[in-house]
Amino acid sequence: MEGEVRVEGETYAAVELVTPIGPLGVVVTPRGVLAVGLSGLGAAAEAAAGLPGLTAGPLPGALERVRAEFDAYFAGGLRRFTVPIDWRLSSGYARQVREALYVGVGYGETVSYGELARRVSGADVEGEFGAARAVGRAMATNPVPVIVPCHRVLAADGSLHGFGGGLEMKRRLLALEGAVPDVLF
């Protein structure tokens, strides 16, 4: 059932990855990647702790696949993550926004908060501040950043705005993808 978060006896595995943008914590369940922590394992593990019945344990192959995809992404060889996503920490409008971003904004592309709101609603809401703010909230609470690429969402004027890992991390991810120049400023 969509929106269901209760689990009985389900296992999760967690790993902290060393990446060019700093440590990333990743939590994986049998359903897919549940959480990515932009400052390491702590925040990602908190997400898993919030699901009753979920306990730490082995998931053979799952962490290796996640590690391989992140390594390939940061080496410039992966343009779209293929690891499954465990969407249980997303619901309602926020999930619609995140799925639209995941499916519709590819590697090296960017979109404004207003344009993403328009894509989700199907209406001309680009100029509506409330719709863009709602998208901003969905991005700010994205449990799987980088995989669901909230770093690709920019302000209407094209400037960097808001990112859980900080604007420098957002700029570095966009530079990796060729969406902004890789220069110091």
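A hairpin of two residues leads from strand E1 into strand E2, and the exercises below start from that spot. Helices (H or I, at least four residues) and strands (E, at least two) are DSSP runs numbered from the N terminus.

The model is a predicted one, in which local features need pLDDT of at least 70 and side-chain atom pairs count only at pLDDT 80 or more, while totals for chains, interfaces and linings use all residues. Residues are numbered from 1 along each chain as its sequence is written, and side-chain values use heavy atoms, with hydrogens and water left out.

**Exercise 1. The sheet**

Task: Work out the order of the four strands in the open sheet, and find which strands stand at the edges.

Solution:
- Step 1. Begin with E1 and E2, which pair in the antiparallel sense over seven bridges; two strands count as paired if DSSP finds at least two bridges between them. Leu17 has Leu24 in E2 as its bridge partner.
- Step 2. Move on to E3. Strand E2 (residues 22-29) pairs with E3 over five bridges, again in the antiparallel sense. Here Val26 is opposite Val36 in E3.
- Step 3. Now look at E4. Three bridges connect E1 and E4, and this pairing is parallel. Thr11 faces Thr55 in E4 across the pairing.
- Step 4. Put the pieces together: the order is E3-E2-E1-E4, and the pairing is mixed. E3 (32-37) and E4 (54-56) are the edge strands, each with a single partner strand, so one side of each has no neighbour in the sheet. From one strand to the next, the twist averages 35 degrees.
- Step 5. Add the helix. H1 (residues 41-49) lies across E1 (10-19), E2, E3 and E4, and runs at about 20 degrees to E2. Such angles run from 0 to 180 degrees between N-to-C directions, with axes fitted as lines to C-alpha atoms, for helices over the stretch in contact.

**Exercise 2. Aromatic pairs**

Task: Decide how the rings of Phe70 and Phe74, and then those of Trp87 and Tyr102, are arranged.

Solution:
- Step 1. Set the rule. Rings of Phe, Tyr and Trp (its six-membered ring) pair if their centres lie within 6.5 Å; planes under 30 degrees apart are stacked, over 60 edge-to-face, and the rest tilted. The count by this rule is six aromatic pairs.
- Step 2. For Phe70 and Phe74, the centres are 6.4 Å apart and the planes 20 degrees apart, a stacked pair. Both sit in helix H2 (residues 62-74), four residues apart, about one turn of the helix. Both are also buried (under 20% relative accessible area; exposed is over 50%, partly exposed in between; 1.4 Å probe, protein chains only).
- Step 3. For Trp87 and Tyr102, the centres are 6.2 Å apart with planes at 80 degrees, so this pair is edge-to-face. Trp87 is in the loop between H2 and helix H3 (92-104) and Tyr102 is in H3, so the pair ties together parts 15 residues apart in sequence. Trp87 is buried at 16% relative accessible area, and Tyr102 is buried at 18%.
- Step 4. Look for a chain of pairs: Phe70, Tyr73, Phe74, Phe81 and Tyr107 are linked into a cluster by ring pairs.

**Exercise 3. The cores**

Task: Find which residues of the largest nonpolar core touch the most other members.

Solution:
- Step 1. Recall what a core is: a set of buried Ala, Val, Leu, Ile, Met, Phe, Trp, Tyr and Cys residues joined through side-chain atoms within 4.5 Å.
- Step 2. Among the 45 residues of the largest core, Val26, Val33, Phe70, Leu101, Met139 and Ile147 touch the most other members. E1, E2, E3, H2, H3, H4, H5 and H6 each supply at least two of its residues.
- Step 3. Compare with the second, separate core of eight residues, which includes Tyr12, Leu34, Ala35 and Leu51.

**Exercise 4. A buried glutamate**

Task: Which side chains form polar contacts with the side chain of Glu177?

Solution:
- Step 1. Locate Glu177 in the segment after helix H6 (167-176). Its relative accessible area is 6%, so Glu177 is buried.
- Step 2. Find its partners: His151 at 2.9 Å and Arg152 at 2.8 Å. A polar contact is a pair of N or O atoms within 3.5 Å; within protein, one must be able to donate a hydrogen and the other to accept it, and residues adjacent in sequence count only if both atoms are side-chain atoms.
- Step 3. Widen the view to contacts in general (heavy atoms within 4.5 Å). Leaving aside neighbours within four places in sequence, Glu177 is in contact with Tyr73, Tyr107, Gly108, His151 and Arg152.
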